[in-house]
Amino acid sequence: MTMKIGDIIRTLRLQQKWTQEQLADRLGVSYQSVSRWENHITYPDIELLPALARCFSVSVDALFGGEDAEKVKELKEAVHAVVEMAEEDRDRLLDLIRVCRREEQSNALFADICEALRYSPLCNNAEVLSELRKSAELFFETCTDIALRSQTLVYYASLEEESHINALLERYSSEQTTSKDYLLKERYLFRDEFDHFDIARQRYFHKYLCQLIDGEISLWRNSATPMTTEDSLYENRAKLALIHNLCEEAPTALHPITCGNTPDVFISQRIYIGLRQACALTANNEIESAYAVLDDVISLLEAIWKVADGTELHCSSPSLNTLKAIVHKKPMGKLGTAITLSYRTENGDEEEFAVIAPKAEFDCLANADYARWGWLAPIRGEKRFIDLMERLNTLQ
C-alpha cells in the first residue's frame with residue numbers, strides 16, 4: 001500500500017461532507033481509526049477495503065489512486081460534453097452509455113447522462129433511448145440513494161418515449177416516499193418518538209400547504225403565452241381564496257389580504273400574492289382596489305418588522321394553530337435587512353424556508369417595468385403611491 005490512500009480517503013470523505021465519526025459509523029470502526037488512516041499512521045485492514053469503496057461509490061483501485069479514478073474523471077468529462085453532441089455523434093454516445101453502465105459509479109454517471117441528454121439534439125433519438133433504457137433498469141434496481149433516485153427519475157421521465165412513460169411511472173414514481181420530510185415523519189411515528197413526530201408532521205404539512213398555495217406558474221396558466229390581466233387576476237384570487245379558507249377568515253374592503261389579522265405562518269404567501277394582485281388590478285383599471293391591496297400588504301410588512309426576534313408565528317385557524325414559523329431579522333447583502341422564517345427541527349436547530357425583503361419589493365414596485373411590475377406605471381406618479389413607497393422604504 002502507498003501513503004496516498006490516507007489522502008484519498010480524506011478527499012473522498014470531505015467530498016461527501018462527512019465527519020470522521022460519520023465515516024467510522026458507516027464502517028463500524030472508531031473515529032480514531034479513520035484519523036490514523038488520514039494521518040498516514042496506519043492503513044485500513046484489507047477486509048475493510050470493499051466496504052470503504054462502497055461508501056464512496058468508487059472501486060477499490062480508486063482508493064489507491066490507480067488508473068480507475070482517472071478513468072472515471074475522464075468519463076464524467078465525456079458525459080458533460082453530451083449536451084454538445086449532434087446526430088453524427090450518435091454512435092459515440094451509444095458507446096459512452098455502455099461504458100458508463102459497466103463502471104463502479106454507474107448510478108452517478110447515469111444520472112449525469114440523463115441530465116445532460118435533456119439538452120442535447122440526440123434527446124429524442126430512438127437508438128439512444130433504447131440503450132439508455134438498459135441503464136435505467138440497472139439504475140432503479142441498484143440505486144438506494146433516495147435523493148439521487150428521485151432527481152434522476154425527473155430527468156429520465158422527461159426523456160423517455162411516450163410508449164414507455166406510463167410503465168416507467170407506474171413502476172418507479174412515488175410522491176411520498178421520495179420526500180425527506182415524509183420519511184422523517186414516518187420514522188418518528190414508527191419509533192413512537194412523538195415529540196419529534198409532531199415537529200416533523202407540522203413541517204411536512206406546512207410545506208405541502210405552501211406548495212398548494214404557491215403552485216407552479218405552469219399549473220395556473222399556459223406559461224408558453226404572455227401573461228394577461230385576466231390570467232393574473234384569476235391566479236391571485238384563487239391562491240388568496242386557498243389561504244383565507246385554510247385560515248377560516250374572510251377578506252374585507254380594507255383588508256383584502258390579511259383579513260385584519262396579525263402576521264401568521266402564511267405571511268410570505270400573502271405578501272407575494274398581494275403585490276402581484278395590486279399590479280393586475282391596476283392593469284384592469286381597478287385603482288381603488290389596487291391601493292387597498294397595497295396598503296394592506298405594506299401594513300403587514302410594517303407589522304412583521306416590529307415582531308421581536310425569535311417570535312413564533314402561528315395560523316389564525318384553531319384547526320391549524322400547531323403550524324409554527326420562527327421570525328428573525330438579519331442583513332442579506334444586496335437585499336438589505338430582511339425577515340427570515342424558519343422551522344424548528346427535531347434536534348433544536350432551525351431550517352430557513354422563506355425570506356421577506358422589503359428592499360426587493362420596493363425596487364420592483366417603484367422601478368421595475370418587466371413582467372407584471374410594468375402594470376403599475378399608470379399610478380407610480382400619484383401621491384398615494386409615492387406615500388406608500390415611502391412607508392415601505394423606511395423598512396429597508
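In this predicted model, Arg101 is partly exposed, with a relative accessible area of 22%, and its side chain meets that of Glu131 in a salt bridge with an N to O distance of 2.7 Å. The structure holds 31 salt bridges and 8 aromatic pairs, and the points below describe examples of both, together with two cases of a charged side chain over a ring.

**Salt bridges between separate elements**
- Arg101 belongs to helix α7 (residues 90–101) and Glu131 to helix α9, so their salt bridge ties together parts that are 30 residues apart in sequence.
- Glu131, at 6% relative accessibility, counts as buried, whereas Arg101 is partly exposed.
- Through salt bridges that share partners, Asp95, Arg98, Arg101, Glu131 and Lys134 are joined into one network.
- Glu346 pairs with Arg203 in another salt bridge, in which the closest N and O atoms are 2.9 Å apart; this pair links distant parts of the chain, with Glu346 in the loop between β3 (337–344) and β4 (350–356) and Arg203 in helix α13 (residues 194–214), 143 residues apart.
- Both partners count as buried, Glu346 at 14% relative accessibility and Arg203 at 3%.

**A salt bridge within one helix**
- Asp387 and Lys383 form a salt bridge with their closest N and O atoms 2.8 Å apart, and both residues lie in helix α19 (residues 383–393), separated by 4 residues, or about one turn of the helix.
- Asp387 is partly exposed, with a relative accessible area of 30%, while Lys383 counts as exposed at 60% relative accessibility.

**Aromatic pairs and a cluster**
- Among the 8 aromatic pairs is the tilted one formed by Phe110 and Phe139, whose centres are 5.1 Å apart and whose planes lie at 40 degrees to each other.
- Because Phe110 lies in helix α8 (residues 106–117) and Phe139 in helix α9 (residues 126–142), this pair ties together parts that are 29 residues apart in sequence; Phe110 is buried at 3% relative accessibility, as is Phe139 at 1%.
- Phe140 and Tyr156 also form a tilted pair, at 6.5 Å centre to centre and 50 degrees between the planes, and it connects helix α9 with helix α10 (residues 146–157), so that parts 16 residues apart in sequence are tied together.
- Phe140 counts as buried at 6% relative accessibility, and Tyr156 does so at 2%.
- One aromatic cluster is made up of Phe110, Phe139, Phe140, Tyr156 and Tyr172.

**Charged side chains over rings**
- The charged end of Lys185 sits over the ring of Tyr204, 5.1 Å from the ring centre.
- Arg276 lies over the face of Tyr272, at 3.6 Å from the centre of that ring.

Key:
Residues numbered from 1 in each chain as written. Predicted model: local features only at pLDDT ≥ 70, side-chain atom pairs only at ≥ 80, totals over all residues. Heavy atoms only, no water. Phe/Tyr/Trp six-rings, centres within 6.5 Å; stacked < 30°, edge-to-face > 60°. Helix = DSSP H or I, 4+ residues; strand = E, 2+ residues; numbered from the N terminus. Buried < 20%, exposed > 50% of the residue type's maximum accessible area, 1.4 Å probe, protein only. Lys NZ or Arg CZ within 6 Å of the ring centre and 35° of its normal. Salt bridge = Lys/Arg side-chain N within 4 Å of Asp/Glu carboxyl O.
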